[in-house]
Amino acid sequence: MRIEFLEAGVTYEGRAALHPLTLTLTGRRIGIIGLNGSGKTTFARLINGLTKPTTGKVRVNGRDTVDDQTAVTADAGYVFQSPQNQIILPILKDDIELGLKARGVAKSDLSTRAEEALARLGIAHLAQRRAHELSGGELQLAALAAVLATRPSLVILDEPTNQLDLKNRRRVAETIDALNEDVIAISHDLATLSSFERVLLFHEGRLVGDGPAASVIAEYEAMNH
Ligand SMILES: Nc1ncnc2c1ncn2[C@@H]1O[C@H](COP(=O)(O)OP(=O)(O)OP(=O)(O)O)[C@@H](O)[C@H]1O
């Protein structure tokens with residue numbers, strides 16, 4: 001992946017959620033950390049065009065996130081902070097198929113594609129379950145499966161392990177580690193990001209740290225002592 005921020009910033013009613021910044025992201029695993037309200041989600045949403053920059057530009061693999069939003073969104077899958085809001089239909093497999101249909105996948109391929117994605121995350125047995133009956137961990141994996149089914153080259157995960165117990169946290173973290181896709185993950189669970197090659201630290205809407213996981217996590221911990 002190649003993501004370019006060119007003086008890209010976001011302002012809401014005159015208040016900067018993200019001050020303009022210029023940087024290039026390449027590589028397989030990028031983590032994003034920072035306090036609540038520091039701009040992490042705003043930064044991540046800019047990458048797949050969910051949020052448009054108020055100033056500047058964002059490009060994903062050479063494509064502008066505003067001018068070429070459909071292609072960018074297809075390339076960069078986004079797993080939301082609350083999987084409850086992502087899965088709409090009652091039955092999990094139906095929901096995954098709906099997402100695929102919306103992306104123009106042929107009707108004859110829907111079932112196989114959904115089953116493959118569920119099997120890949122070890123949750124094939126959940127296909128016919130009602131989404132609202134799933135545990136937090138199952139739901140988090142299901143939301144990830146739904147996005148992977150669309151075959152993005154990059155997966156953006158907004159707090160993929162929040163509200164999970166230790167066992168499910170490990171399961172999701174191991175799943176992320178094993179993904180072939182490039183990953184950008186926001187997390188307050190610093191252990192999940194410890195193996196990431198690059199971590200970005202945000203503070204009050206500004207990028208204040210950028211480097212290998214160990215040093216940026218140490219910087220964050222020192223800031224909050
Ligand atoms: N749609 C919006 N309208 C107005 N203000 C917003 C909007 N989205 C975000 N903000 C504000 O922008 C700032 C950055 O928010 P953002 O969600 O990017 O932070 P975050 O670091 O992801 O926080 P958290 O860890 O709590 O999820 C916050 O002050 C937030 O209130």
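This report walks through two sheets, two helices, the ligand shell and a couple of single residues in a predicted model.

## The six-stranded sheet

Let's start with the open sheet of 6 strands. Reading across it, the order goes S6-S7-S8-S3-S9-S10, and the pairing is mixed. The edges belong to S6 (76-79) and S10 (206-211); each has a single partner strand, so one side of each is left without a neighbour in the sheet. From one strand to the next, the twist averages 15°.

Inside this sheet, S7 (residues 154-158) and S8 (residues 182-186) run parallel, joined by 5 bridges. One pair to look for is Asp158 with its bridge partner Ile186 in S8.

## The four-stranded sheet

The other open sheet has 4 strands, and here the pairing is antiparallel, with the order S2-S1-S4-S5. S2 and S5 sit at the edges with a single partner strand each, so each has one side without a neighbour in the sheet.

Strand S1 (residues 2-12) has company on both sides. It pairs with S2 over 8 bridges in the antiparallel sense, and with S4 (residues 55-60) over 5 bridges, again antiparallel. Phe5 is a handy landmark: its bridge partner in S2 is Leu23, while its bridge partner in S4 is Val58. Further along, Gly9 has Thr55 as its bridge partner in S4. As for S4 and S5 (residues 63-64), they run antiparallel and are joined by 2 bridges, with Val60 standing opposite Arg63 in S5.

## Two hairpins

Where does the backbone take a positive phi in the hairpin of S1 and S2? That hairpin has 2 residues between the strands, and Glu13 takes a positive phi near 45°. The hairpin of S4 and S5 also has 2 residues between its strands, and there Asn61 is the residue with a positive phi near 45°.

## Helix H1 and the ligand

Helix H1 (residues 40-47) is worth a good look. In the six-stranded sheet, H1 lies across S3 (29-34), S6, S7, S8 and S9 (198-203), running at about 155° to S8. H1 also lies across S1, S2 and S4 of the four-stranded sheet, at about 125° to S1.

Now for the ligand. Around it you'll find Tyr12, Ala17, Gly34, Asn36, Gly37, Ser38, Gly39, Lys40, Thr41 and Thr42. Which element gives the most to this shell? It's H1, with 3 residues. By character, the shell divides into 2 nonpolar, 7 polar and 1 charged.

## Helix H7

H7 (residues 166-178) makes for an easy check on geometry. At 1.5 Å a residue, its 13 residues should span 18 Å, and its end C-alpha atoms are 18 Å apart, so the two agree.

Which residues of H7 are buried? They are Arg171, Val172, Ala173 and Ile176. These buried residues pack against H6 (136-148), S7, S8 and H8 (190-193), which ties this helix to the parallel pair of S7 and S8 described above.

## Two residues up close

Ala16 lies in strand S2 (residues 15-26). Is Ala16 buried or partly exposed? It has 17 other C-beta atoms within 10 Å, so it counts as partly exposed; a buried residue would need 20 or more. Leaving aside neighbours within four places in sequence, Ala16 is in contact with Gly9, Thr11 and Gly205. For a longer view, Ala16 and Met223 are 207 residues apart in sequence, and 21 Å apart in space from C-alpha to C-alpha.

Thr51 is found in the loop between H1 and S4. With 19 other C-beta atoms within 10 Å, Thr51 is partly exposed too. Again leaving aside neighbours within four places in sequence, the contacts of Thr51 are Val10, Thr42, Arg45 and Leu46. One of these, Thr42, also belongs to the residues around the ligand. Thr51 and Ala102 are 51 residues apart along the chain, and their C-alpha atoms are separated by 20 Å.

Definitions and conventions
Residues are numbered from 1 along each chain as its sequence is written. This is a predicted model: local features need pLDDT of at least 70, side-chain atom pairs count only at pLDDT 80 or more; totals for chains, interfaces and linings use all residues. Two strands pair if DSSP finds at least two bridges between them. Axes are lines fitted to C-alpha atoms, for helices over the stretch in contact, and angles run from 0 to 180 degrees between N-to-C directions. Two residues are in contact if their C-beta atoms, placed from the backbone, lie within 7 Å. A residue is near a molecule or strand if its C-beta atom, placed from the backbone, lies within 6 Å of it. Ala, Val, Leu, Ile, Met, Phe, Trp, Tyr, Cys and Pro count as nonpolar, Asp, Glu, Lys and Arg as charged, and the others, Gly among them, as polar. The expected span of a helix is 1.5 Å times one less than its number of residues. A residue is buried if 20 or more other C-beta atoms lie within 10 Å of its own, exposed if 12 or fewer, and partly exposed in between; C-beta atoms are placed from the backbone.
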